[in-house]
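Let's take a walk through this one together. Have a look at the fold first, and then we'll pick out a few spots.

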Amino acid sequence: MNYIDFNLVNDTEYLVDDKLLLSCAEKVLEEELPGKRAELNLLLCDDEVMQNYNRIFRGDNSVTDVLCFNYYDSILDTEDEAFPSPYCDIIIDIKQLERQKGNKSMEDELIEVFIHGLLHALGYDHIRLEDRTVMEEKEKYYINKIVGDKTSG
């Protein structure tokens, strides 16, 4: 079982179920980093804030759906061996999700983009074709697992 310190800052009018997002994070981390702790900070924002972060940190003066900044702490496990523990900030632009969701619900789109950000926090990327394939497979796996769980009960 993982310990997750989950902090949500919602600077939008969109009502979000923070327990659902925490549950998503728990399911992904259970499989990706079993038994390890993580600190996840999530900011839900609008276009103006996202564009500012994207310009400052990526040199791109446009909006995007998600940005992830990951760091690793070294902490001790029960056997006094150091291991990396993810600490990350994920920023999601709610307005961009509204534009790109298509026929999906906002909740499902948020889950998908949050999973995408979590996978970036865990070191997955999609710049090279081989890495993109791995990341897309992971995304599909977790989306099916989480959205399926959500709809079945």
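Is Tyr53 buried, partly exposed or exposed? Keep in mind that this is a predicted model. Tyr53 comes out as partly exposed because its relative accessible area is 28%, and buried would need a value under 20%.

Now see what Tyr53 sits with. The structure holds four aromatic pairs. In one of them, the ring centres of Tyr53 and Phe57 are 6.1 Å apart and the planes meet at 20 degrees, so this pair counts as stacked, the cut-off being under 30 degrees. Both residues belong to helix α2 (residues 47-58), and since they are four residues apart there, about one helical turn separates them.

Phe57 has another partner. With Phe69 it makes an edge-to-face pair, at 4.9 Å centre to centre and 65 degrees between the planes. This one links distant parts of the chain: Phe57 is in helix α2 while Phe69 is in strand β3 (residues 66-76), 12 residues apart. Phe69 itself is buried, because its relative accessible area is 18%. Put together, Tyr53, Phe57 and Phe69 form one aromatic cluster.

Over to helix α1 (residues 18-32). Its 15 residues should span 21 Å at 1.5 Å a residue, and the end C-alpha atoms are indeed 21 Å apart, so the two agree. Its buried residues are Leu20, Leu21, Cys24, Ala25, Val28, Leu29 and Glu32. They cover an arc of only 165 degrees around the axis, which means they lie on the same side of α1. At the N-terminal end, Asp17 acts as the cap of α1, with a side-chain oxygen 3.1 Å from the backbone nitrogen of Lys19.

Technical notes. Residues are numbered from 1 along each chain as its sequence is written. This is a predicted model: local features need pLDDT of at least 70, side-chain atom pairs count only at pLDDT 80 or more; totals for chains, interfaces and linings use all residues. Side-chain values use heavy atoms; hydrogens and water are left out. Helices (H or I, at least four residues) and strands (E, at least two) are DSSP runs, numbered from the N terminus. The expected span of a helix is 1.5 Å times one less than its number of residues. Buried means under 20% relative accessible area, exposed over 50%, partly exposed in between (1.4 Å probe, protein chains only). The arc is that of the directions from the helix axis to the C-beta atoms. A polar contact is a pair of N or O atoms within 3.5 Å; within protein, one must be able to donate a hydrogen and the other to accept it, and residues adjacent in sequence count only if both atoms are side-chain atoms. Rings of Phe, Tyr and Trp (its six-membered ring) pair if their centres lie within 6.5 Å; planes under 30 degrees apart count as stacked, over 60 as edge-to-face and the rest as tilted.
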